[in-house]
Amino acid sequence: MAQKITIEPVTRVEGHGKVTIQLDDNLNVAQTRLHIVEFRGFERFVQGRPYWEAPVLVQRLCGICPVSHHLAAAKALDVIVGAGTGHGLTATGEKMRRLMHYGQMFQSHALHFFHLSSPDFLLGYDADPEIRNVVGVALNFPELATQGVMMRKYGQEVIHHTAGKKIHGTGAIPGGINKNLTTEERDILLKGDDPLNADKMIEWAEGGLQFFKDFYLKNQEFVDSFAYFPSNHLSLVREDGALDLYHGVLRAVDADGKKVLDDVDYQEYHKLIEEEVRNWSYMKFPYLKHLGKDDGWYRVGPLARLNTADFIPTPIAQREFEAFKAHTNGKPNNYCLHTHWARLIELLHSAEVIKELLLDTDLQKDDLVVTGNKTNEGVGLIEAPRGTLFHHYQINEDDQITMANLIVSTTNNNEPMNRSVNFVAKNMMTGQATITEPMKNAVEVAIRAYDPCLSCATHALGKMPLDIRLIGANGEELDHYRS
Amino acid sequence: MSEKIKFTIDGKQCEGEKGRYLVDVAAENGVYIPVLCHWKDVIPAGSCRICTVKINGRFVAACTTPVEDGCNVENNTPELQDIRKAIVEMLFVEGNHFCPSCEKSGDCDLQGLGYLYQMMVPRFPYAFERRELDASSPKIFLEKNRCIFCKRCVRMIKDEKGKSYFAFKGRGKDLEISMDKTIAANISDELAQKAMDICPVGAILKKEVGFATPIGQRKYDNVPIGADIENLQKTNGGKK
């Protein structure tokens, strides 16, 4: 008898989603869908607000990476106030924002890997869910757990000193920043008491990366076979092809590494990217217009970034990047779980960038804001922890926002996440009529590789438990699991 | 020379000039009585009642009551604190106040009083009034959702002929602050800034300069509202 399985809600990801798996009469997986079932409406209620409020208002989409929204909005407004894109700011303005952003990247990647994903690696994918969580990690691997917590704390401190507070600060304003970094603040971050200093963070980031590589050596077959599929990859890269998480040009490569978007200015992203709406999810499906719906979908995030970038401009991360690239002979890496590997390389890179910036005396200068000729439209892109984030605003002559379009990282990853879930379902569900624990885990592991911020992708409220629904060929519910 | 008088606030001996308003004289004696509509040296409105005190057992507004020789003022009592907290709660539910994205956050007197009185969930239901925004002035963004009707702007922001830039429109629950579009079109930067500064909430915003003060340097980031007055006594060796 045909069945439909629903996994709802999905746990240890940010936001609320559910998975439905439709089985045919022979118990083969006919269709899977990751549904995003909540709606927030930020794009609508920002309308009418004064434009300079957007970076502070819109960052409330998320409590983990608000800095991404804060800075993407500020970058869009830089264009509106005539301060140019990316490099139009003063050195202090741009570098303070970069420090804030890399601080966020550091804390968010630490949170994602150590708090959300490491239980699967450390305790096993098939371990009892009662212990397969951050508390289980803390009890069984206290040293690593402590490092994870302290790394996140350090990143939050960087944000605190650049944005005024750890979550939902106000540092970036249109055309610049509202503060510089005092020498006292710099010294706290650079040479603070162990472990909260820049050198220790680099050391621990290397340790985290080594931990993953050791795990990979022992579990290569599993890691490489889990939700592998070819895709396009999209991200910002610096004009010279370097990995740059704050600013750059848009580049996309296909599964073989051929450029399908060749370093273009993102102000005209709407000519390049289309968003498809499907009636079963609040989250849209973006794709590269010139390649069409079927071939134009792409991945974003750490894996995509290391696939598009030519090099990493910090020495230790570059060394790791070379090893990462060598694994796939320089071609794009399409292994879903290698996203964690890429994420940990970025964690290390972020720690190196933070130290570099802290040693830069531009951060102590007082020239904070630039203005120019105002325009009525601006686009701001940034590489958020989970991938490319688009903010687009239009304003009227009275300085009110009339239009906002946000394409968040997880929206960009919508199609690949659906494909990953489909891959896992086909491998684990075929021939089964009930929801099994390993199947539930595998679906979550697939989604967690992207670390999707489901809440901000639908612009979602509420908690995020796991909900799986098993539906028969005639639409009847046959099994339902909810954590 | 004005006649000096003596009186007490919560048992503390104070002195001042006869006939001056209690709220001002209390401040000079290092005693904070909260205000929202009052502004020193401007004719008082007595509209918000947050400065309610008890004098000789009777409730009065400290901003409209001249100080009298020998009077005993109750200020910081549980009863009065609860009345004031209720007023703050009413002001919150009557408007639409979203502190997280308000650029006056940290500098807002209403928010400062909310913290001072440890307001959590208001005891009154939210009205969710729908009020339009007025962004027509090139210098001022009027956020009517946040207005608490203190009338400071109406009383203090005037052109050279004495005409107010702001006025009240409507009655009762339909009352709202409005801006004279004709003269507001030419308001100076200085006056626009003054309008924003005297507004106890975030109803009047000077355009294009939001969030310029970093968190940590805003008025109430490090000290509670009223601390400047209460510290006055310490800085003057307890002799004010």
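In the predicted model, His233 of chain A lies opposite Arg299(A), a residue of strand β11(A). The pairing that brings these strands together involves β6 (residues 232-237) of chain A and β11(A), which are parallel and share 2 bridges. Both strands belong to an open sheet of 4 strands in chain A, arranged in the order β8-β7-β6-β11 with mixed pairing. The sheet is bounded by β8 (259-264) and β11 (298-299) of chain A, edge strands that each pair on one side only.

A further set of paired strands in chain A is centred on β13. Strand β13 (residues 387-395) of chain A is mostly covered, with 8 of its 9 residues buried. On the N-terminal side of the chain, strand β12 (residues 377-384) of chain A runs antiparallel to β13(A), and the two are joined by 8 bridges. Within this pair, Val379(A) is found opposite His392(A) of β13(A). The connection from β12(A) to β13(A) is a hairpin with 2 residues.

Strand β13(A) is also antiparallel to β14 (residues 401-407) of chain A, to which 6 bridges join it. Here Phe390(A) has Ile407(A), in β14(A), as its bridge partner. The hairpin of β13(A) and β14(A) has 5 residues between the strands, and Asp399(A) in this hairpin adopts a positive phi near 70°. In general, side chains in a regular strand alternate between the two faces of the sheet.

At the level of domains, the assignment for chain A gives domain 1, made up of 4-37 + 413-482, and domain 2, covering 229-334. Contacts between them involve 13 residues of domain 1 of chain A and 11 residues of domain 2 of chain A. On the domain 1 side, β3 (29-36) and α16 (414-429) of chain A are the elements that give two or more residues to the side touching domain 2 of chain A. Helix α16(A) gives the most to this side, with 5 residues. Sorted by class, the side of domain 1 of chain A that touches domain 2 of chain A has 6 nonpolar, 4 polar and 3 charged residues.

Contacts are also present between chains. In the interface of chains A and B, 18 residues of chain A are in contact with 17 residues of chain B. The side of chain A that touches chain B consists, by class, of 5 nonpolar, 7 polar and 6 charged residues.

Methods: Residues are numbered from 1 along each chain as its sequence is written. Chains are lettered from A and ligands numbered from 1 in the order in which they are written. This is a predicted model: local features need pLDDT of at least 70, side-chain atom pairs count only at pLDDT 80 or more; totals for chains, interfaces and linings use all residues. Two residues are in contact if their C-beta atoms, placed from the backbone, lie within 7 Å. Ala, Val, Leu, Ile, Met, Phe, Trp, Tyr, Cys and Pro count as nonpolar, Asp, Glu, Lys and Arg as charged, and the others, Gly among them, as polar. Domain bounds come from an automatic or database domain assignment. Two strands pair if DSSP finds at least two bridges between them. A residue is buried if 20 or more other C-beta atoms lie within 10 Å of its own, exposed if 12 or fewer, and partly exposed in between; C-beta atoms are placed from the backbone.
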